[in-house]
Amino acid sequence: MTEQPSFAAPGSSLPLPDPGERVPTLSWPIVGIFILSLAVFAGASVAAVNHAAPAAATIAASSVAIFMMFTVLHDASHYSISSHRWVNVAFGRVAMLFVSPLISFSAFAFIHIEHHRNTNDDDSDPDHFVSAATYWQLPFRFPIMDVPYLGCLVRNIKRRPRSETAETAFLMSATVIAIAAAAVSGHLWMFAVVYLIPSRVAMFVLAWWFDWLPHHDLDDTPRENRYRTTRNRMGSEWILTPLLLSQNYHLVHHLHPSIPFYRYVAAWRRNEDAYLEPGAAIGTVFGQQLDPQEYREWKQLNGKTIPLLPIRRIHTTGAGTRTPHPLTVSGIEQLTYNSVRVTFEIPDSLREEFRFKPGQHITIHHRVDGQPVRRNYSICTSTTSGVLAIGIRKVDGGTFSTYAVDNLRVGDVLEVEPPTGTFGAPRESVTSDHHVAVAAGSGITPILSLVATTLETTPKSRFALFYGNRSAESTMFATELYELATRYPERLRVFHIRSKQPDHPESLSGRINTPLIVKLLDADVTAIGTWYLCGPTDLITSVRSNLLAEGVPSGQVHVELFGGATRAAQAGDELVSTVSIKLSGADHQLTSTRGSSVLEAALANKINVPYSCLGGACGTCRAKVTSGSVSMDQNLALSETEVKQGFVLTCQSHPTTDTVAVDYDSQPA
């Protein structure tokens, strides 16, 4: 197959879910807001003229009226008020006179759509004037938000209809004349109280609530990831949604700009999972920024209905303990003579907690022959399937794997921790839609989830999979791989490498190694967006080292291991160190020989620290050294930046000083 070109980022190429909402014949909520705004403004003006209310009250009332009128203007610019175009134009022209009479309605609509087309693009997004400003500039920029709109209009004046330009010139002139007339007649202060000051107050709030809050500190443009051009702000929605007139769901508006403002919440609830899958940007009412998984945890922590003040923040360290839940085995499928697929029944009450990302694993707690066992198994299903299943291969002498293959039955109950792990690549780190996976034996389990999920959710992605086994009879998930290859014949290539099958093609016989991968791939290894490697330590570390030597960035090579590297005894291993551990806010202190890793010492003292692969690959046991020092045997998970900040993999770290302190609750800067 010839090399295909790279494609757009997943967030820009995925089809949008159906919002389930349509433009009405007439939006009665908008009509209501329009009438209410006119009434409030007229009442404030009459009170001011008759000196029936103090100036502050008039300014406040008029500001509220102009603020509400912006929603009328905003929906009119997206033609969301009515399916009849002229109705939108009529409402928009009237609303424009209140919000900013310096430009015409059609000019505003053009400029606002430019914001949607070029969100967060410094050169082309007029709203970037506010959303990208430094904090000290914000108080000065908020009240003059219409200035960059005028600048955008001037830059594009040759593209705009002459009638639009003429209308804008007329409105600007009329505004200047009105101010001058008020000054000459001695009514300038009255004009300022009724309109000039309220218009700037309203503009300040609009720029703050409708622009800065949704967009600040986000860099993606619609061409990169439209799900991260703006954010939803969740929590205290009993007050936040009416106060912001639903613009706390600003992400929904950018994804579906034609639906009326009062239907944003319904669209979000209809498609929440579909919006979260591409990495939707989420913030809480108090400014905590959450990725989709953290949002689900936060939502569960704060209840199905968000409380009045959701002050319960989640800890986003990725560490800490996870509570196991009893899950019933709903299916057992024999994959090979010594391996099974185990499917779990997930109660509705635990659905959110057991959502998973491709490449993640679960931890099972059980008692076999009266002895407690704890084992980690990767999830083998696509995230879109709604099914939680794992693959288990019997290991010689393996207590739980032997029990699972020989004795586990449908209806049995196992204690299972919610999914965890970071084997899958974050979407924002993917540099190309071309992916390669290398698996051996049961290493196919997380790879299968990654391949299936990527092909299903990223339409232009393609995968090459190199899968090593002794023979066809020992190949796990052979049927599933065949079905995937049949479903995606142009996007998935599977190379079955067999070491002990005489009738297998010579070009695919033997053991997996880097030269064989490069030869069969027939492509520049540095052009691959992501590499996923899972299998025995020697194989995976060798392939990884060779890829890095070929120039593949380490951040593009993701590793999951069956076990850690063997550590030879070293001088000083018999010395004793005092180890302090901070976990989930609690402090623990213990003593350990330096030959034991920090993780081993913690587990020996019954401290339930997080861990998974024990090979320095998954990153689950990451912690920060806050005092003393350690030596780390192997690191396949931490970035150079994390290491410089003091983070270590505790399964690979041995004390080298008399005292050492590590913090599992710390998060990289």
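Guide: A UniProt annotation may be inferred rather than shown by experiment, and its positions follow the numbering used here. The model itself is predicted.

Visitor: Where does UniProt place the feature "transmembrane region"?

Guide: The unreviewed UniProt entry gives that feature at residues 26–48, 55–74, 94–113 and 165–183. Over residues 26–48 the predicted chain is 91% helix and 0% strand, with the end C-alpha atoms 34 Å apart. Over residues 94–113 the chain is 75% helix and 0% strand, and the end C-alpha atoms lie 19 Å apart.

Visitor: What makes W208 and W209 an aromatic pair, and why is the pair called tilted?

Guide: Rings pair if their centres lie within 6.5 Å, and planes that are neither under 30 degrees nor over 60 degrees apart count as tilted. For W208 and W209 the centres are 5.8 Å apart and the planes differ by 55°, so this is a tilted aromatic pair. The structure holds 20 aromatic pairs.

Visitor: Why is W208 called partly exposed?

Guide: Buried means under 20% relative accessible area and exposed means over 50%. W208 has 35%, which falls in between, so W208 counts as partly exposed. W209 has 16%, which is under 20%, so W209 counts as buried.

Visitor: Which cluster do ring pairs form with W208 and W209?

Guide: Ring pairs link W208 and W209 with F67, F70, F108, Y149 and F210.

Visitor: How do you know that Y377 and F400 form a tilted pair?

Guide: Their centres are 5.9 Å apart, within the 6.5 Å limit, and the 40° between their planes is neither under 30 nor over 60, so the pair is tilted. The pair links distant parts of the chain: Y377 is in strand β7 (residues 371–378) and F400 in helix α16 (residues 399–406), 23 residues apart. Y377 has 12% relative accessible area and therefore counts as buried. F400 has 1%, so F400 is buried too.

Visitor: What makes R160 a charge over the ring of F110?

Guide: For an Arg, CZ has to be within 6 Å of the ring centre and within 35 degrees of the ring normal. The charged end of R160 sits over the ring of F110, 4.0 Å from its centre, so the distance condition is met. R622 lies over the face of F647 at 5.6 Å from the ring centre, which is also within 6 Å.

Visitor: Where is the kink in helix α10?

Guide: In helix α10 (residues 188–215) a kink of about 35° lies at V194, shortly before the proline P198. Just after α10, D217 takes a positive phi of about 65°.

Technical notes. Residues are numbered from 1 along each chain as its sequence is written. This is a predicted model: local features need pLDDT of at least 70, side-chain atom pairs count only at pLDDT 80 or more; totals for chains, interfaces and linings use all residues. Side-chain values use heavy atoms; hydrogens and water are left out. Helices (H or I, at least four residues) and strands (E, at least two) are DSSP runs, numbered from the N terminus. Rings of Phe, Tyr and Trp (its six-membered ring) pair if their centres lie within 6.5 Å; planes under 30 degrees apart count as stacked, over 60 as edge-to-face and the rest as tilted. Buried means under 20% relative accessible area, exposed over 50%, partly exposed in between (1.4 Å probe, protein chains only). The bend at a residue is the angle between axes fitted to the seven residues ending there and the seven starting there.
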